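Work through the exercises below with the coordinates open. Each task is followed by a stepwise solution.

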Amino acid sequence: MTIGVIKVARPREMSFPESLYLLEIVKGLGVTMGHLLSNIVRQEGIKTIEYPEVRRPMPPRFRGKHRLMKRENGAPRCVACYCCSTACPAKCITIVAGESPDPAVEKYPVRFDIDMLRCVFCGMCVEACPCDAIRMDTGWFTPPDDTREKLIFTIDTLLEK
Amino acid sequence: MPTLTLNGMTVDVPPGTSILDAAKQVGVEIPHYCYHPKLSVAGNCRMCLVEIEKFPKLQTACSTVVNDGMVVRTDTEKVRKAVTGVLELMLIHHPIDCPICDQAGECGLQDYYMKFGLHKSRYALEDKVHKKKVQDIGGQVVLDAERCILCSRCVRFLAEVTGTRELDFFNRGDHSEISIFPGKPLDNNYTGNLADICPVGALTSKDFRFRCRVWLLKAFDSICTGCSKGCNVDAHFKGDILYRLKPRWNDAVNQAWMCDFGRLTYKEMNEARLLTPFVREEGARKVAAWGSLLPDVAFRLKATADKSGADRVAVIASPQSSNEELYLLRRLATELLGTKNLAFTHRVAGDGFADDFLIQADKNPNSRGAQLLGIPDGAVFDALVSKISAGGIDALLVFGNVLGALSEEETAALLANVPFVAQVGTNEGPVSKAATAVLPSASVAERGGTFTSHVGRVQRFRFGFPARGKAKNPVEILVSLGNRLGAGWSFAGEASVFRALAESEAPFAGMSYDSIGMLGQEIKT
Amino acid sequence: MTGPLFDIAVTVARIAVFFAFCFGLVVVMTWVERKGAAYIQDRRGPNRADIFGIRAWGLFHPLADALKFLFKEDFIPDNAHRLFYQMAPMFSLAPAILGIAIIPFGPDVTVMGRTIALQIADLNVGILYLFAVSGMTVYGVVLAGWASGSKYPLLGGLRSSAQMLSYEVSMGLSLIGIFMVFESVRMSQIVAGQGGLLFGVLPKWGVFVQPLGFILFLVAQYAEANRTPFDLPEGESELVAGYHTEYASFKFSMFMMAEYLHMVVGAAVVATLFFGGWQFPYLGDAGFLFPGGFAVAVPPALVLLLRIGSFVAKVLFFAWLYVWVRWTIPRFRYDQVMRLGWKVMLPLSLLNIFATGLILLLLNR
Ligand code: SF4
Ligand code: SF4
Ligand code: SF4
Ligand code: SF4
Ligand code: FES
């Protein structure tokens, strides 16, 4: 049995002036100064995204904040089947079903809360929904808020988006 | 005995056994919808088709009786194709309402589709025949004719079990549907069973409608507390909330059925429960701690017995208590307090309706047990009540939420004659509104024990989930009261109490939780 | 105004003005550092804090920071030594600012017939005083590290004491050459000595007479100030935040101020010792006198302004150099720092002294 030896390319030995670093440091300073000056003069070179005003376009499959879809008449499309809350690994969806005022719909969610603090944005709920009633295509994160209660999204908030 | 060869296995079955039943014995599942063991065989759903050697066509397993030497196969391509075809036919006009259907999760169509179907629909959505949905047909069920697969189980149940025949098929072909006769809603006391036997979501429970998804429920074995029949039930719960009761098969008691009244008794275990111990001081409730209330109650009972004589202390038992609790209570009253004032009553407010099937006039699950344990009923109870109203009792320990058939006012007036009333009860009621000290008790779902049915069948109900609030198992309450009265009991849990009970009480002699098992055991008479 | 009173007034005024200059520069430097870092890294840097909607390129951020530090909860960790924990930031801040006392901001001026030095104290021990106070900074760091009662600060404190002591040596030795050349340790004399010309062309600045000494001193000073590439005491990738891990609110801001004061004072020292202090090249008391005999007369007031201005400009440049270097050179590994200190800097500074002595001996013969 032979032991395999892999030759790894070593960095080349430094020449004497390089090993003094003096010139190299000055060169480095030149590079950074170049960036500094060009960025002051030409602001386009700056990569920063000015966050709240400018938003990075999200890829189409990005899983963001949830929203509940509406029927044509504005009622929630959700029929409170509990599939999403059953699939949810974080157990953060609370549904209370009720008899819908619309007899053709029969069942609808009286309460539909998502605890965004517990949600792991896995998208299982969207996958599980037989009615395409819940989506995560808002292209946006959960915004921060100052109380826990405000981050438990109720059916009204979810329908708005 | 005829011998059947099924998929290569051989099995001996009694004459007259159907292939479907025989297959069950060897653990082969033959899909079926219309067949129900407790109903006559109809053979109309065609799901149970099997291949029998020397038969040119497939045969229905539910209606074909085993002959000696029969060779049956359920695993051939021919059978599979036939079953898939039958299923597809059933689903042609099916609305596939699963998201809003309460049957989803325990639905025959879903189960068999996953096992035998998995086909794509070949039928256009627009061509589906629509029938009337969400029909209130009376009783405890809602009918959705669209979901019906026309298995006729419900028709046969109403014809053969209740004999009331309210449902039947109407129209033909694609348009045939199940319905009641115009203006004649379901009218019997067993309508809830229709939702159980309907293999799909055509008949679903009104009470359970949309309340929970069945896959979220857990179940435990229990006994219905609605009457002294002692129907075996499965209690379904989530968290600490009971959602429904379903009959548990017991051929000796309720077969596969239960009555509508009993089905709703679970509500009592959810609503208006006593959750914290409290005392009543100058008419106002004051929350008390178990640690101080139990010694207080024991002390009051003891002090009254010592000072004014045991004759001025009384104990009222409850036929809602288990055998174990009644046994301890009797010993507490007679041995520890030394009083003869011990009685119970099986009477309840209302008419005490009974029929010749399941429903019994006695609306308590354990009146028989109380009698067998030597706690007197009837006249003795009436005498005790008169004694109380005459002011002859100074300290009273009451089990149960009501005093027989007495109304709230009557109860309040009666108990006003007693300076100290301690109650062990599960729910708010006439007694808790008048008692001086209230000790909340675990409900039937929150404790274990045995009831003795009206025919003397001892049956176990099991612990489902921990008691709500600060409620305690009454066995625990009794043991702790007894020990404060000097009993020196070392019982831990109802099983140990039952062992002692079986040793000392003749009717229960030789019984144990093991011998009672799932289905109960009759006492020796 | 009577003599002593005038003296006191002048002294107080000088202290006030020079301190204000330093602290003002600290505030600006925090902004310069963040903005500079951002632009070097192709970012935008702080630009959000505003007053009535005016953002002014983030210039209000230092103000916002100060307010934030003031209003943050000021807590003392459970394991900390309460007294020393509170003293450490002061020990850090005080020595950092004390160095400014001996820096001449300009030539002597004559006001109302009196000569006033633009220097808080022209000590005859000059540079030795500087070593003394800068040597004290290590106490602040070590004390903070130890008194926090937590492991990362302790490691940071240990590192910094070793590092500062090592570089103290080469820093001292690297300046010996300057003393030898200018034959004084008094700051005013060193500055005055740099007014002349070398070979008749070059200003006789320290950097030209002591190039090696300058480099050594500059490096040693970066190490003393715990600035990148020598910021190992607070190397966040290894030590969370080093000696000030457990500090928050105003105490933390004192450490930050100390760091920036080090930069400012360090820049002033380098400017004074090696870049002629307030000397403006070829500018004499009466005006410019360029090599080759070309002369331009300049009014005395302008001369004074030019000289102070030249000093301030030099200080600003060297303060910026700190920032510039920080965002250019990565942090050393700890053994590299030690090797550089003892195996390179020390022999080189000794060599520098030897060479300077030799040259001076030859020149003076
Ligand atoms: S994204 Fe995942 S965790 Fe969040 S609600 Fe949906 S299923 Fe639950
Ligand atoms: S899975 Fe869809 S329809 Fe079902 S409850 Fe969730 S959102 Fe509603
Ligand atoms: S009956 Fe079964 S298949 Fe039909 S809608 Fe209900 S759950 Fe779905
Ligand atoms: S309603 Fe249910 S039980 Fe009755 S025929 Fe239809 S599927 Fe069968
Ligand atoms: S079960 Fe045999 S035909 Fe329905």
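**Exercise 1: a salt bridge inside one helix**

Task: place the salt bridge that B:Glu77 and B:Arg80 form through their side chains, at 3.1 Å from N to O.

Solution. The criterion for a salt bridge is a side-chain nitrogen of Lys or Arg within 4 Å of a carboxyl oxygen of Asp or Glu. The model is predicted, local features need pLDDT of at least 70, side-chain atom pairs count only at pLDDT 80 or more, and totals for chains, interfaces and linings use all residues. Residues are numbered from 1 along each chain as its sequence is written, chains are lettered from A and ligands numbered from 1 in the order in which they are written, and side-chain values use heavy atoms, with hydrogens and water left out. Both partners belong to helix H2 (residues 77-91) of chain B, 3 residues apart, about one turn of the helix; helices are DSSP runs (H or I, at least four residues), as are strands (E, at least two), numbered from the N terminus.

**Exercise 2: a bridge between chains**

Task: is C:Asp42 buried or exposed, and which is A:Lys47?

Solution. The two form a salt bridge, with the closest N and O atoms 3.8 Å apart. Buried means under 20% relative accessible area, exposed over 50%, partly exposed in between (1.4 Å probe, protein chains only). C:Asp42, at 15%, is buried; A:Lys47, at 61%, is exposed.

**Exercise 3: a bridge within chain B**

Task: how are B:Asp240 and B:Arg468 paired?

Solution. Their side chains form a salt bridge of 3.9 Å, N to O. The pair ties together parts 228 residues apart in sequence. B:Asp240 is partly exposed at 34%, and B:Arg468 is buried at 12%.
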